[in-house]
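Here are my notes on the strands and on one helix residue, set out as numbered points. Please read them with the model open beside you.

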Amino acid sequence: MAYFPLFIDLNQKQGLVVGGGPVAARKIRTLLPYGPHLTVCAPSVLPELEALPGLTLRREPFSPALLEDAFFVIAATDDRELNSRIARLCRERNIPVNVADPGTESTFLFPSVVRRGPLTVGISTGGKSPSAAHYLKEQIEGLLPDNLEAILLWMDGVREELKGSALSQPQRSACLSRLFSAALQAGGPLSREETQSLLSFETEELP
């Protein structure tokens, strides 16, 4: 069965990662740009994890008490029985859990992620083919313009300005669509003068 791509705000949320090896490190690196507070529980951790800022390291075995404040959990140890136990405890508590081992114990999956500032594209094959997800990620990365992040941030500012205009919602949407196309053609955000000029022209053309 396919997984629904639910995008969720992780900023300042409490996450628990059980495990300190390469699998845990890979998942932690994926998560950190989205702003969660991560606690890593493992008797030993990779040196690269010790060097990452913002992690709380607990060099100890897993205990159920660690789940108390967790918004989500990653079970990424090399002990499949322990991972399975953690998943069961999380399901009993309705805590979203991702299990490193293949199977049906995860309640959420890690997609293959393409990120450009506020843009995130998540690709999942439901665990059927990570190779296919990686291939699609590379294809999408090749299609994205270099200055997309700057354009998106600029578009957010323009959208806020248009909210205070006399334009209707359909008219604002049409203007924003044309401004985005113009910025893509220009290879970056438009200047203030270019934006105003294009907006004046577009509003004259709108019904």
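1. Strands β6 and β7 form a hairpin with two residues between them, and glycine 117 in the turn has a positive phi of about 60°. Helices (H or I, at least four residues) and strands (E, at least two) are DSSP runs, numbered from the N terminus. This is a predicted model, in which local features need pLDDT of at least 70 and side-chain atom pairs count only at pLDDT 80 or more, while totals for chains, interfaces and linings use all residues. Residues are numbered from 1 along each chain as its sequence is written, and side-chain values use heavy atoms, with hydrogens and water left out.

2. Within this hairpin, β6 (residues 112-116) and β7 (residues 119-123) run antiparallel and are joined by five bridges, and serine 112 has isoleucine 123 in β7 as its bridge partner. Two strands count as paired if DSSP finds at least two bridges between them.

3. An open sheet of five strands shows parallel pairing in the order β3-β2-β1-β4-β5. Its edge strands, β3 (55-58) and β5 (97-99), each pair on one side only.

4. In that sheet, five bridges join β1 (residues 14-18) to β2 (residues 37-41), and the two run parallel; valine 17 stands opposite valine 40 in β2.

5. Is lysine 27, which lies in helix α1 (residues 22-31), buried or exposed? Lysine 27 counts as buried because its relative accessibility is 12%, where buried means under 20% relative accessible area, exposed over 50% and partly exposed in between (1.4 Å probe, protein chains only). Leaving aside neighbours within four places in sequence, lysine 27 is in contact (heavy atoms within 4.5 Å) with Ile74, Asn98 and Phe110.
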